[in-house]
Amino acid sequence: MVFTVWHSGGAAMTAQAQHSTQDDGAGGPGAPPLLSTGVAGLDTILTGGLLADRLYLVEGEPGTGKTTLALQFLAEGARSGAPALYIALAESEIELRGAALSHGWDLAGIAIEEVAPSDDMLDPGRQYTIFHPSEIELASTNQRILAAIEKHRPARLVLDSLSELQLLAENPLRYRRQVVALKQYLASRHCTTVLIDDRSALDDGLQVRSVAHCVISLERQNQAYGNDRRRVRVVKYRGVPFRSGTHDYKISHDGLVVYPRLVAADTRRDGDHRRLSSGIPELDLMIGGGLEEGMSTLISGPAGSGKSTLAAQFVHAATERGEPCAMFLFEEARSKLLNRAGNVGMHLQAALDAGLLSVQQVDPAELTPGEFAQAIVDAAERGARVIVIDSLNGYMHAVPDERFQSTYLHELLNYLGQRGVATLLVGVQQNMLGTAMTTSADASYLADGVIMLRYYETEGEVRQAISVFKKRGSAHERSIRRFEISPQGIRIGPALAGFHGILSGLPTIGGTPFP
């Protein structure tokens, strides 16, 4: 296809665009430099960013953040002094600047050109009778696009949106040739271009996908309750080993924030792991000398049996040693945790004030799995040695697709294990007594250790018992001990040797009862 290019001198010339002669590979000899998209998480997925002088497609339904991403891409270029141009085929400059202002951006250094039908189109006297409107409008649109490019000579360009060109082209062959010619024309001018497709036209979008060097798809999933979930996926990226799959993102005041899917294998490392004391000698004895760094432990039991208090005890002991910790709460408010811990002699507020402890309340209806995983990763990178997830049931509710719950948790625990973090998972079991105690979130097979808390009835009183069911990598005590929580803290009693059937909740006395 031939474009007619109008230069500033007014003379017309026909330009047959040439393909870029630079290598398509990333990091090889002669490869173009990588350009940041302005979104750190997206750069991670793209293994560095976008190759310069290439054509890219960003597709997605209205409301997925395509325009926001495009503005971030141009703003990143403008900060480095690169000429940036936004060609709007459907939106006005006022609308674009208003959208930027909502994010606190002033678009300094970004030129905006409106290439939209004029209001003359509403005049009946201006309607075409001999030629089809697309024959006139497509040529006019092309001319205005090229004139804007020649005027600003951008290093970064956004064309928003392709749906207008597709409707004007009328048929797939003409549309494809239009995009190919535009790609060749821009490559000859060393311009990195992002085309936006809002999927409002009737075509399936494969025409442009096959032409673009890289395709980034933005998706929005409606939820029955809570915020909509947004995901980004790189469909293709020629010559670049990108991180495939879907990744969560959100649109915040600062723009798009992308949370790359956690892949534990990317951070694999080995090292010696210390044992971390709970601060209670009897409990350390039960678990084989303390929790090991890099190990995950599930604390399971019915509601009110002391699971969260036991997890807080490990955090309290670690902060007393000067080791950073992090706690993520799904059910309990932060203030209630601090008050409850203080009532049993664990002054976590002092650790918070000293910066040794971070406590974050999590709303599973508002937080995506990717965002939560990133919060965990950030805590580990800040040096947290003990991380508590309270509770596992709440975490599972934050994962929208039940098929992948175990996969999410497996990757998260593997990552923390490779970082040498001791992870505590609190799991709530249904029912209070009896053997048919189930949980909607079973992670016992994933955790390295399992500590079980149980109620049992004896002598007209409901008491609590603790036992260690599993501990990978070291021996542990297999006895069942009495477990008590008092204002002085947690007390672990001797083994309940005089009872049978403690785990059933209705034990029988076969020897000397517990005093």
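Is threonine 368 buried or exposed? Select threonine 368 and see. Threonine 368 is buried, because its relative accessible area is 8%; buried means under 20%, exposed over 50%, and partly exposed in between, with a 1.4 Å probe and protein chains only.

**Before you go on**

This is a predicted model: local features need pLDDT of at least 70, side-chain atom pairs count only at pLDDT 80 or more, and totals for chains, interfaces and linings use all residues. Residues are numbered from 1 along each chain as its sequence is written, and side-chain values use heavy atoms, with hydrogens and water left out.

**Stop 1: around threonine 368**

Threonine 368 sits in the loop between strand 18 (357-361) and helix 12 (369-381). Helices (H or I, at least four residues) and strands (E, at least two) are DSSP runs, numbered from the N terminus. Now select Arg229 and Asp248. Threonine 368 is in contact with both, leaving aside its neighbours within four places in sequence. Contact means heavy atoms within 4.5 Å.

**Stop 2: the sheet**

Move to strand 18. Strand 18 belongs to an open sheet of nine strands, in the order 18-17-19-20-16-21-22-23-24, with mixed pairing. Two strands pair if DSSP finds at least two bridges between them. The edges are strand 18 and strand 24 (489-495), each pairing on one side only.

Next, select strand 17 (residues 325-329). Strand 17 runs parallel to strand 18, and five bridges join them. Pick cysteine 325. Opposite cysteine 325, in strand 18, stands leucine 357.

**Stop 3: glutamine 184**

Go to helix 6 (residues 172-187), where you find glutamine 184. Glutamine 184 is partly exposed, with a relative accessible area of 21%. Add leucine 55. The two residues are 129 residues apart along the chain, yet their C-alpha atoms are separated by 9.3 Å.

**Stop 4: the largest cavity**

How many cavities of 30 Å³ or more does a search of the whole structure find? Five. On a 1 Å grid over the protein atoms alone, a cavity is a set of points where a 1.4 Å probe fits but cannot get out; lining residues have an atom within 4 Å of a point. Grid points are joined across faces, edges and corners, and a volume is the space filled by probe spheres set on the points.

The largest cavity has a volume of about 70 Å³. Select some of its lining, including Thr37, Tyr56, Phe73 and Ile216. Strand 5 (55-60) and helix 2 (66-79) each supply at least two lining residues. Helix 2 gives the largest share, three residues.

**Last stop: the whole chain**

Zoom out. The chain has 14 helices and 26 strands. Of its 515 residues, 51% count as buried.

Key: On a 1 Å grid over the protein atoms alone, a cavity is a set of points where a 1.4 Å probe fits but cannot get out, and a pocket is an open set with protein on both sides within 12 Å along at least five of seven lines; lining residues have an atom within 4 Å of a point.
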